[in-house]
Amino acid sequence: MSAYWPSLFGGMLLGLSAVALLLLDGRIAGISGIVGRLLGGVQIPLNAAFVIGLLSGPPLYMLAFGSFPAVTIATSGTLVVVAGLAVGIGTRMSSGCTSGHGILGLARFSKRSFAATVTFLLAGVAVATLMEFLR
Amino acid sequence: MNRLASLRIVVALLAGALFGFGLSLSGMLDPARVIGFLNLASGHWDPSLSFVLGGAVLVAVPGVMLQRRLRRPLLDDSFHLPEKAEIDGRLLAGSALFGAGWGLAGFCPGPAVSGLLMGLVPVFLFVAAMAAGMMLHDRVISGMLPR
């Protein structure tokens with residue numbers, strides 16, 4: 001269990017950030033929505049401010065713990081690009097990702113977000129498990 | 001820009017920083033740990049992601065309960081929340097496509113964007129492709145799909 005405290009505590013900070021944005025600004029902290037609106041030129045100052053904050057995560061982590069968080073990428077460049085395209089198209093088509101549907105949608109007991117979360121989790125499990133056998 | 005508008009930008013910046021730091025702390029910036037959760041055949045399943053999502057929802061639920069008792073947020077005239085209720089083809093096809101890409105490389109939008117300043121080439125590649133995919137959807141694909 002002790003190995004999972006940072007994950008639990010980190011997750012709680014995600015929830016706290018989402019609640020702060022909801023109660024103060026009245027909006028959903030959904031990353032694909034924020035990035036998509038920024039790319040579409042909608043509400044640039046607000047969306048850019050959130051993204052700049054998001055970018056400061058690893059530097060703040062370094063200030064606190066002395067190094068960037070560990071990142072290991074085993075996927076080839078080609079597959080990373082394919083994955084990026086799928087994630088970009090898919091999250092905009094379904095109006096949300098792991099944050100908007102996964103965190104706030106579930107917390108709002110939204111049937112739509114529940115359906116989205118079950119669907120992307122099942123698809124993620126299917127593809128990640130399949131890739132294990134293709135390696 | 002009036003004082004309220006500036007305050008809202010500061011709130012967005014701080015909420016983004018909290019979200020980014022939370023992601024770094026949670027371990028979810030590491031695609032290997034995300035795939036370690038999604039890959040059921042690895043022989044050493046990593047449950048971290050369930051703690052992250054569980055912790056986030058645990059904190060978000062009381063926040064949403066409080067929000068429902070309020071007429072408006074502190075810094076705006078009204079709440080801007082999704083009102084759509086139907087589960088349609090776009091929702092399911094989009095979620096399936098997103099999940100497939102997520103399972104393929106282990107990146108979802110938040111961790112990928114948040115990791116950009118760490119200077120890793122695959123993170124840049126992913127975010128560039130994701131941004132292209134988002135614009136492709138919003139400007140081309142969305143108009144071609146049935147209502």
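Here is a quick briefing on two protein chains, A and B, and the interface they share. Keep in mind that the model is predicted. Chain B touches chain A through 104 of its residues, and they meet 98 residues on the chain A side. Both chains are built without strands: chain B has six helices, and chain A has seven.

**The interface**

- About 9000 Å² of area is buried between chain B and chain A, and carbon and sulfur atoms give 78% of that.
- On the chain B side, B:Phe19, B:Leu25 and B:Leu104 put in 8% of the area this chain buries against chain A, more than any other three residues.
- For context, people often quote the size of an interface as the accessible area lost when the parts come together.

**Polar links across it**

- The rule picks out four salt bridges between chain B and chain A.
- A:Arg27 makes a salt bridge to B:Asp76, with 3.1 Å between the closest N and O atoms.
- Polar contacts turn up too, in 23 residue pairs across the interface, with both residues at pLDDT 80 or more.
- Helices that give two or more residues to the face of chain B touching chain A are H1 (3-26), H2 (31-38), H3 (48-67), H4 (89-105), H5 (109-114) and H6 (121-144) of chain B.
- H1(B) hands over the largest share of that face, at 17 residues.
- Sort the face by class and you get 70 nonpolar, 22 polar and twelve charged residues.

**Chain B by itself**

- Going from the N terminus, the elements of chain B read α-α-α-α-α-α.
- Its C-alpha atoms fit a box of roughly 50 × 40 × 30 Å along the principal axes.
- Chain B has 147 residues, and 54% of them count as buried.
- Take the contacts in chain B between residues at least 6 apart in sequence, and 44% of them join residues at least 24 apart.
- Chain B has an accessible surface of about 7000 Å², with 67% belonging to carbon and sulfur atoms.

**Chain A by itself**

- From the N terminus on, chain A goes α-α-α-α-α-α-α.
- The box around the C-alpha atoms of chain A is roughly 45 × 40 × 30 Å, again along the principal axes.
- Of the 135 residues in chain A, 56% are buried.
- For chain A contacts between residues at least 6 apart in sequence, 35% link residues at least 24 apart.
- The accessible surface of chain A is about 5600 Å², and carbon and sulfur atoms account for 74% of it.

Notes. Residues are numbered from 1 along each chain as its sequence is written. Chains are lettered from A and ligands numbered from 1 in the order in which they are written. This is a predicted model: local features need pLDDT of at least 70, side-chain atom pairs count only at pLDDT 80 or more; totals for chains, interfaces and linings use all residues. Side-chain values use heavy atoms; hydrogens and water are left out. Contact means heavy atoms within 4.5 Å. Buried area is the accessible area (1.4 Å probe) that two parts lose on being put together, summed over both. A salt bridge is a side-chain nitrogen of Lys or Arg within 4 Å of a carboxyl oxygen of Asp or Glu. A polar contact is a pair of N or O atoms within 3.5 Å; within protein, one must be able to donate a hydrogen and the other to accept it, and residues adjacent in sequence count only if both atoms are side-chain atoms. Helices (H or I, at least four residues) and strands (E, at least two) are DSSP runs, numbered from the N terminus. Ala, Val, Leu, Ile, Met, Phe, Trp, Tyr, Cys and Pro count as nonpolar, Asp, Glu, Lys and Arg as charged, and the others, Gly among them, as polar. Buried means under 20% relative accessible area, exposed over 50%, partly exposed in between (1.4 Å probe, protein chains only). Accessible areas come from the Shrake-Rupley method with a 1.4 Å probe; for residues, only the protein chains shown count as cover.
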